[in-house]
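These are my notebook entries on one structure. I set down what I looked up, topic by topic.

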Amino acid sequence: MAEVIAPDVAGHKKPPLLAQLRVDLAPFPFRVALTWRIALLCALVVGTAMMYGTFEAAISCYLVIFLSKPDAVVNIGTGIGLIVVVTIVVALMIWVINLVIVSPLVLMLAMALASFVFLYIGAASQLGEMGGIVGLVIAFVLSLVYMAPLGDAVSIALRYAWYMVAMPMAWMVVFNLAVGLSPVRLLKGTLLRRLATAADAISSGAPARHAELAELMRADNGALLQQAASVRVLNLVPRNPAQQVASDVRAGYRLMLAASALPEDTPPARRTALVDAIRAAAAALEAEHMPAMPTMEPANPAERELIAALAVLAGAPEPEVVAAPKPPFFFPDALTNPDYQRFALKTTAAAMICYLIYTGLDWQGIHTAMITCYVAALGTTGETVHKLGLRIVGCLIGATLGMGSVLFVIPQLESIGGLMALVFVCMLIAAWVSTGPERIAYGGVQIGLAFLLTVIQGFSPGTSLDSGWDRIVGILLGNVVVYLIFTHLWPMPIEKAARAHLKAALDGLSRLAALAPERRAGAVPDVALVENEVGKAEEALALLPFEPRAIRPTPETTAKLRAAGEEIAALGRDIYLSREALPGAAARLASLAARIDGGTGDAGVPQTDAPGTIGRRLDRLQRAVTS
């Protein structure tokens, strides 16, 4: 068969800000379902906190909105896991508090040390944001010690902290057991969306430049495979259908990949036939029927893979799966990369500065400043500044909702049920934004947090604007402190993060090229990882305008990184579709992966006899990486 040259995916122009915002706020499958579930769960948490006097109900709800995912199984696991971790931490804190209560200085040093340790572990491992949450809980517990009566300091501080985390997580477990979204339902919805988008892309005549298809291809396919694994492990469906679920996830991605590689000069009648076959398969799946086996003969490698994917959806056996390597719990550079320690140190420093400010001023009302530091800190400086902007806008929106509620709604409330209804309605707004893309999600989290901090004051709904204003001032103070520290102390450039993602993509591409040609059809996990890492690199580079000019790369370097990402993505499709041997390609890609961080020239990069398009792309990629 003739070789298919996959068109470049360059040229996806970013829409204007307002147009992008409309896209980000538009509904998509399961957004409504997830939004009302988060809002209702927050209302239940607030109601429980009011009835039983749980401290800092706003932080409890923040954990719900921040940690909630679409998949009920993931939410149940997160809830149980966090309850276990916090229970262990709180038990250990009994011993720690008895040691540090001797003086405020020792107490603050213990806060800083515990914060640093857990932030570092979270940054350097798969623990991620959980490390920051544990660090926040410990710091918060210790900050309460001198607020409580001396004899009860330990028991009160620890009890409050445990309730603050365990109660909302227990609600999250119970709620998701009752009305959570099934992973089977979510996976089916994702598969149908993939098929519909692939059909639309082919109909457009330029599938390689179809923005929605590119976005779906760069989503995290590994997370969907984990969902499919949970379906099998938990016996949510019988064994054979469970195996078909995982096959369908891979087949859906394989179909999108093939659709994106279809030549733009494909005859209209051929495009129509392919679209009809995809839509017929989608209609059968939606009706809970097995799709018919495709009978079309492929005209090129892209059609070959598309038809093969439809056959798998129809029940044909899939190729032997070539799994991508599982990442270890601790990252390989956990002990050698100083960025993890610096992140933990910067976040801890910001939190301790805020603690000293509100303690020194005896202004406990702005204690939200310290909490904000743990919420606001992110890896790169540009990402942190971007999220700070989202949080400030979200804070102002949430504060407006909260103060309006204090003035006009809360005086009319007569029961906890009325307060729960108010929380539900306002949290619908916050949850709708937080369930959107990463571009806006943190803004939704901040809307909810600012609203709740304004409305929930102590163990009752707020009736004073002073308390609400104090909490908003605390949030803004925390944002300012984080901004100053993260932009002036060891600023982490976006370029470094983008290069790390491109290196991971090149590693995956090297593994793909090293496979025997007949095994590449089963390497969907690796080619999906390549697309995902390139997407992350592009998202990082999109945040360059938020980065201080002193650490921002030159326009030439930025252009080369973007070009490298485009070539890597196109190479992923070309190599996956190729059924020819690629001598030397894997070694060349591995060498480029090793050089992507430094860009020290092309001496020593092995050459390859890869055919046609792949060889030319490798040459262009090498120039982008090493020049």
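Entry 1, starting point. I note that I am working with a predicted model. I turned to the aromatic residues before anything else.

Entry 2, aromatic pairs. Is Tyr163 buried, partly exposed or exposed? I find a relative accessible area of 34% for Tyr163, which therefore counts as partly exposed, since that class lies between under 20% for buried and over 50% for exposed. I then looked up Trp162, which is partly exposed at 32% relative accessibility. Trp162 and Tyr163 form an aromatic pair, with 6.0 Å from centre to centre and 65° between the planes. I record this pair as edge-to-face, because planes over 60 degrees apart are classed that way.

I looked up Phe329 and Phe330 next. Their ring centres are 5.0 Å apart and their planes stand at 90°, so this pair is edge-to-face. Phe329 has a relative accessible area of 43% and is partly exposed. Phe330 is likewise listed as partly exposed, at 41% relative accessibility.

How many aromatic pairs does the count come to? I enter 8 aromatic pairs. I also note one aromatic cluster, which is formed by Tyr62, Phe66 and Tyr442.

Entry 3, a charge over a ring. I looked up Tyr576 and found Arg579 over its face. The distance of Arg579 from the ring centre is 5.9 Å.

Entry 4, two helices in contact. I looked up how helix H16, residues 381–408, meets helix H18, residues 438–455. The two pack at an angle of about 35°, and their axes are 6 Å apart. I record the crossing of H16 and H18 as right-handed. What kinds of residue make up this contact of H16 with H18? I list 13 nonpolar, 8 polar and 4 charged residues.

Entry 5, an enclosed helix. I looked up helix H23, which runs over residues 585–595. Why do I call H23 largely enclosed by the rest of the structure? I do so because 8 of its 11 residues are buried. The buried residues of H23 are Ala585, Ala586, Arg588, Leu589, Ser591, Leu592, Ala593 and Arg595. I then asked what covers these buried residues, and the cover includes helix H20 (494–514), helix H22 (555–577) and helix H24 (612–626).

Entry 6, a buried threonine. I located Thr78 in helix H4, residues 72–100. Thr78 has 15% relative accessibility, so I class this residue as buried, the cut-off being under 20%. Leaving out residues up to four places away in sequence, I find that Thr78 touches Leu67, Met130 and Met172.

Entry 7, positive phi values. I looked up phi because most residues other than glycine have a negative value. Glu288 has a positive phi, near 65°. I place Glu288 in the loop between helix H12 (268–286) and helix H13 (301–313). At 62% relative accessibility, Glu288 counts as exposed, since the cut-off for that class is over 50%.

Trp490 also has a positive phi, near 45°. Where is Trp490 found? I find Trp490 in the loop between helix H19 (465–488) and H20. Its relative accessible area is 36%, so I enter Trp490 as partly exposed.

Note on methods. Residues are numbered from 1 along each chain as its sequence is written. This is a predicted model: local features need pLDDT of at least 70, side-chain atom pairs count only at pLDDT 80 or more; totals for chains, interfaces and linings use all residues. Side-chain values use heavy atoms; hydrogens and water are left out. Axes are lines fitted to C-alpha atoms, for helices over the stretch in contact, and angles run from 0 to 180 degrees between N-to-C directions. A crossing is left-handed if the near helix is turned anticlockwise from the far one by less than a right angle, and right-handed if clockwise. Ala, Val, Leu, Ile, Met, Phe, Trp, Tyr, Cys and Pro count as nonpolar, Asp, Glu, Lys and Arg as charged, and the others, Gly among them, as polar. Rings of Phe, Tyr and Trp (its six-membered ring) pair if their centres lie within 6.5 Å; planes under 30 degrees apart count as stacked, over 60 as edge-to-face and the rest as tilted. Buried means under 20% relative accessible area, exposed over 50%, partly exposed in between (1.4 Å probe, protein chains only). A charge sits over a ring if NZ of Lys or CZ of Arg is within 6 Å of the ring centre and within 35 degrees of the ring normal. Contact means heavy atoms within 4.5 Å.
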